[in-house]
Amino acid sequence: MDWHLVSEEQVPHAGWTGYTWNKKLFPDPALFARELHERNLKITLNDHPHDGIHSHEDSYEEIAEFLGRDTSHKTPILFDSTNPKFMDAYLNILHRNLEAVACDFWWIDWQQGPYSKIPGIDPLWMLNHFAYLDHGRDGKTPLILSRYAGPGSHRYPLGFSGDTVVTWASLEFQPEFTATASNIGYGWWSHDIGGHIHGGRDDELVTRWVQLGVFSPIMRLHSSSSRWASKEPWLYRDECRSAMTQFLTFRHRLVPFLYTRNIICAKEDEPLVQPMYWEYPGREEAYSVPNQFIFGSELVVAPIVQPRDKRTGLASVKAWLPPVGRVVDIFTGTVYDGDRELTLYRSLYGYPVLAREGSIIPLDASPKNGCLNPDAFDVFVVVGKDGYTDVLEDSRNDRQQEDDNARDGKQRVSTIQYKQSKGTLTAEVIGRVWTFYFLGITSVPNNLRVLVNGIDRTEDAIVDVHSYPKGQNLNVKCPVQSNERYSITIELGPSPQLSVMDHIPRIEAMIMDYQIEFQMKNKLWDVVQGFQDRPLNVTIGRLTALGYDEAIVGPILELILANAGP
């Protein structure tokens, strides 16, 4: 709100409505806009239009002349969404004057209810409708941010849920809220990530909220004007700053996946976030995890909404792993058998995001401001089942685009297909370097081959394996052919399987970090050592016989029980 005049002497109302730049905070708005645009960033201005246009506003005289109003008494021009001429002035004078200086799209923040001069006409509906259409003029892709105006109002804005309270209870409410919004088609939903008002300082809470935001339809950090509540990561403790930076960067890496899935969602009426019971309506377990959701059809997200245990440094969430064979944690490479309930434990740097067999997730290898088309791609692949994805791009988002106002964008399509029986990945791509990360595979296949346009280029590819703590993946960086379309084929060998993981290094690091007595550590380690060489029920029995509570034993059991093998 403070972009415009709020509490200055000439403002005759509460200050929520405003259309004149605050030159104390923004002495040169046009320069401010140029600086942001040079960084490939966009500007949105918050608009509370209820109080209308008063005499102190820069556009008051021009609008009054257009509407034929007498300005001698400085009478305010009241907002009227049912008056066509006023709406003409509102959009084509008031908004246009500000857009010419520093506004790329509008945040419509109507909060004064559904009543207008004509019964049944909701001002918020009218604002959303006309602001959306107005922003789409001249062939632009229309975009507005606005409040919920009831069922059906999802057709216009990116939604936002209002002012969230800074508490764990508020965070716990939001995953189910977001997922169930899809039940009425409201898919592009956003929240005040980190909380907006009240509550108190809790760096861990804000970090977990940011992680949820990364796997939300729209990620939007927000706070009140309190100097203590701002959301810049560098204002938080080192551990939280580092974790937030890691996940915010990953959100930018996800843009190729998000862009592609959102186009598919719009065409096929499939929201990006869906409750588990959409895909598994006949399974009771799908209704027992209301906070868990499917993200983009390939990923299952089990949000962490409780603080960590002070002894282990780990937070937990009860998850249901759906009946899809096996799933892989995209951050750790840990393989889990599906079709069961399991408590998952994560440090502040971890988050339970599981990819099913056959998943193909395209990422930006080196994201920069503005979410432009990538210079290079990373692609997560999970073997075990056939998989396919398109990777869609708009040429208007190329980094070398000279005309920021270009309207004639061309959509480009790269395709990636994986065949499990042959163990072959085939990609038809457009230029740039492509690196494929085969999650949950911890060794290089003996007969691995990399072909580019049908020619064996294995010797030119960079092939390596990540092991704990970097993840557990087979990585293949393919030699680039040109900036034109070319084909990549990676042959892993027939019917490759996800690896059986050696969890001992991770369990050892976990116990090392536990803030408990050394004697307890010794007893835990005595049970864990060599567990692969004895019956599983013996190891579980010995662990539970120690009598330690679930927060201590649970993280170890999670890994021991993760995956029984092919």
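Here are legends for several close-up views of this predicted model.

Residues are numbered from 1 along each chain as its sequence is written, and side-chain values use heavy atoms, with hydrogens and water left out. Local features need pLDDT of at least 70 and side-chain atom pairs count only at pLDDT 80 or more, while totals for chains, interfaces and linings use all residues.

**View 1. Two stretches carry domain names in UniProt.** An unreviewed UniProt entry lists "domain: Glycoside hydrolase family 31 TIM barrel" at residues 15–260. That span is 40% helix and 7% strand, and its end C-alpha atoms lie 41 Å apart. The unreviewed entry also places "domain: Glycosyl hydrolase family 31 C-terminal" at residues 270–361. Here the make-up is 9% helix and 39% strand, with 18 Å between the end C-alpha atoms. UniProt positions follow the numbering used here, feature names are shortened, and annotations may be inferred rather than shown by experiment. Helices (H or I, at least four residues) and strands (E, at least two) are DSSP runs, numbered from the N terminus.

**View 2. Five strands make an open sheet.** Read across, the order is β14-β15-β19-β23-β22, and the pairing is mixed. β14 (360–364) and β22 (462–466) are the edge strands; each has a single partner, so one side of each is left without a neighbour in the sheet. From one strand to the next, the twist averages 20 degrees. Two strands count as paired if DSSP finds at least two bridges between them. Strands of a sheet pair through backbone hydrogen bonds, either parallel or antiparallel.

**View 3. Strand β15 sits between β14 and β19 in the sheet.** β14 and β15 run antiparallel and are joined by five bridges; I361 has F380 in β15 as its bridge partner. With β19, β15 pairs in the parallel sense over six bridges, and V379 is matched with F436 in β19. F436 also has a bridge partner in β23, namely V476, as part of the antiparallel pairing of β19 (residues 433–439) and β23 (residues 473–477) over five bridges. How many residues of β15 are buried? Six of six are, where buried means under 20% relative accessible area, exposed over 50%, and partly exposed in between (1.4 Å probe, protein chains only). A376, D378 and F380 point one way from β15, while F377, V379 and V381 point the other way.

**View 4. Two helices lie against β14 and β15.** Helix α7 (residues 238–253) packs on the sheet and touches β14 and β15 (376–381), its direction making about 105 degrees with that of β14. Helix α8 (residues 255–268) lies across β14 and β15 and runs at about 120 degrees to β14. Contact means heavy atoms within 4.5 Å. Axes are lines fitted to C-alpha atoms, for helices over the stretch in contact, and angles run from 0 to 180 degrees between N-to-C directions.

**View 5. Strand β18 pairs with β17 and with β24.** Five of the seven residues of β18 (residues 424–430) are buried. β17 (residues 411–419) runs antiparallel to β18, with five bridges, one pair being I416 and A427. The two form a hairpin with four residues between them, and G423 in the turn has a positive phi of about 65 degrees. β24 (residues 485–491) is also antiparallel to β18, joined by seven bridges, and T426 is partnered with T489.

**View 6. Helices α13 and α14 cross at roughly 175 degrees.** The axes of α13 (residues 536–545) and α14 (residues 550–560) come within 11 Å. The two are therefore roughly antiparallel (angles under 35 degrees count as roughly parallel, over 145 as roughly antiparallel, 65 to 115 as roughly perpendicular and the rest as oblique). L536, T539, I540 and L543 of α13 meet V553, I556, L557 and I560 of α14.

**View 7. Three loops hold backbone details worth a look.** A cis peptide bond with omega of about 10 degrees joins Y468 and P469, and P469 is in the loop between β22 and β23. R432, in the loop between β18 and β19, has a positive phi near 70 degrees without being a glycine. Is R432 buried or exposed? At 15% relative accessibility, R432 counts as buried. S495 is another non-glycine with a positive phi, about 45 degrees; S495 lies in the loop between β24 and α11 (504–513) and is partly exposed, with a relative accessible area of 36%.
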